[in-house]
Amino acid sequence: MRISIFTQVQRLFLAAMLSLMAAASAHAKPDAHGAPDQFVLQAATEALDALKSDTKVKSGDLAHINKVVDTYILPYVDFRKTTQLAAGRYWRQATPEQRNALADAFRGTLIRTYSGALTDVTPSTTIKLLPFRGDPNADDVVVRSLITQSNGQPVGVDYRLEKDPQQGWRIYDLNVEGIWLIQNYRNQFAQQIDQSGIDGLIKALNQRNQ
């Protein structure tokens, strides 16, 4: 199966996503139970500072990137929900074991496919929030932002978040210049599952991750 890759500019979305490693810095952890837009801004701003000084991330060290994700990203991003929505109706047909395997395989695909985006982060990379249009009391919101590089036009990145009663806000989808991550993969997942089943999709993703 061929998983499409966004343009270099659009790949910045994962740099923004992975920027949630903010807890790695000496700063206070972002307030996941506060306002959703401020949570995103705090996490992304602190993490961009960390990315700018992390030589192992800049070198594309996948083992290090995986360690960063395991330690600092998972508390802020709901990969399982992302996978569930990308799988659509097929998620209900999957066994618990298949669901776990698919979530792990998809996570690996996202990291490997977009790890190069981290090298795009430079000392001049900044994130700016756009006015929040949602209901801050809602449990599912979209936070809009602009990521700016010195060598290009600002890139619009929207974060879709859901509020978990215990863990607070968690990101589960991203939109870069009109392309939602889940929608982009949903069509590809459906096509692969129709051809070779859920196990076939898991196998295809894992082969790509090698």
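These exercises work through a predicted model, from confidence to sheet, core and rings.

**Exercise 1. Confidence**

Find which parts of the model call for caution, starting from the mean pLDDT of the protein.

Solution.
- Step 1: Take the global figures. The mean pLDDT is 80, and 74% of the residues reach 70 or more.
- Step 2: Go to the elements. Helix 1 (residues 12-18) has the lowest mean pLDDT, 51. Helix 6 (residues 90-93) has the highest, 96.
- Step 3: Look for stretches where pLDDT stays under 50. Residues 2-10 form one of them, with 23 contacts beyond four places in sequence. Residues 18-27 form another, with 33 such contacts.
- Step 4: Apply the general caution. Where pLDDT is low, predicted coordinates should not be read in detail.

**Exercise 2. The sheet**

Work out the strand order of the open sheet and name its edge strands.

Solution.
- Step 1: Start with strand 1 (residues 126-129). Four bridges join it to strand 2 (residues 140-148), and the two run antiparallel.
- Step 2: Check the register. Ile127 stands opposite Ile147 in strand 2. Lys128 stands opposite Leu146.
- Step 3: Move on to strand 3 (residues 155-164). Eight bridges pair it with strand 2, again in the antiparallel sense. Arg144 faces Asp158 across this pairing, standing opposite it in strand 3.
- Step 4: Inspect the connection. Strands 2 and 3 form a hairpin, with six residues between them.
- Step 5: Assemble the sheet. It has five strands in the order 1-2-3-4-5, with antiparallel pairing. Strand 1 and strand 5 (179-180) are the edges, since each pairs on one side only.

**Exercise 3. The core**

Identify the residues with the most contacts inside the largest nonpolar core, then list what Leu161 touches.

Solution.
- Step 1: Size the core. It holds 41 residues.
- Step 2: Find its contributors. Helix 8 supplies the largest share, 10 residues.
- Step 3: Rank by contacts inside the core. Tyr159 and Leu161 have the most.
- Step 4: Expand Leu161, leaving out residues up to four places away in sequence. It touches Phe39, Val40, Asp139, Asp140, Val141, Val143, Trp169, Arg170, Ile171 and Tyr172.

**Exercise 4. The aromatic pair**

Classify the geometry of Phe106 and Tyr185, and decide whether each ring residue is buried or exposed.

Solution.
- Step 1: Choose the descriptors. A pair of aromatic rings is described by the distance of the centres and the angle of the planes.
- Step 2: Count. The model has three aromatic pairs.
- Step 3: Read the geometry of Phe106 and Tyr185. The centres are 5.0 Å apart, with 70 degrees between the planes. An angle over 60 degrees counts as edge-to-face, and that is the class of this pair.
- Step 4: Place the partners. Phe106 is in helix 7 (residues 96-114) and Tyr185 in helix 8 (residues 181-209). They are 79 residues apart, so the pair links distant parts of the chain.
- Step 5: Check burial against the 20% limit. Phe106 is buried at 1% relative accessible area. Tyr185 is buried at 0%.
- Step 6: Extend the pair. Phe106, Tyr185 and Phe189 form one aromatic cluster.

**Exercise 5. Charges over rings**

Locate the rings that have Lys81 and Arg160 over them.

Solution.
- Step 1: Take Lys81. Its charged end sits over the ring of Tyr172, 4.9 Å from the centre.
- Step 2: Take Arg160. It lies over the face of Trp180, at 5.0 Å from the ring centre.
- Step 3: Return to Lys81 and its helix. The buried residues of helix 5 (residues 79-87) are Phe79, Lys81, Thr82, Thr83, Ala86 and Ala87.
- Step 4: Step past the helix end. Just after helix 5, Gly88 takes a positive phi of about 60 degrees.

Conventions. Residues numbered from 1 in each chain as written. Predicted model: local features only at pLDDT ≥ 70, side-chain atom pairs only at ≥ 80, totals over all residues. Heavy atoms only, no water. Phe/Tyr/Trp six-rings, centres within 6.5 Å; stacked < 30°, edge-to-face > 60°. Buried < 20%, exposed > 50% of the residue type's maximum accessible area, 1.4 Å probe, protein only. Lys NZ or Arg CZ within 6 Å of the ring centre and 35° of its normal. Pairing = 2+ DSSP bridges. Core = buried A, V, L, I, M, F, W, Y, C linked by side-chain atoms within 4.5 Å. Contact = heavy atoms within 4.5 Å. pLDDT = per-residue confidence, 0-100.
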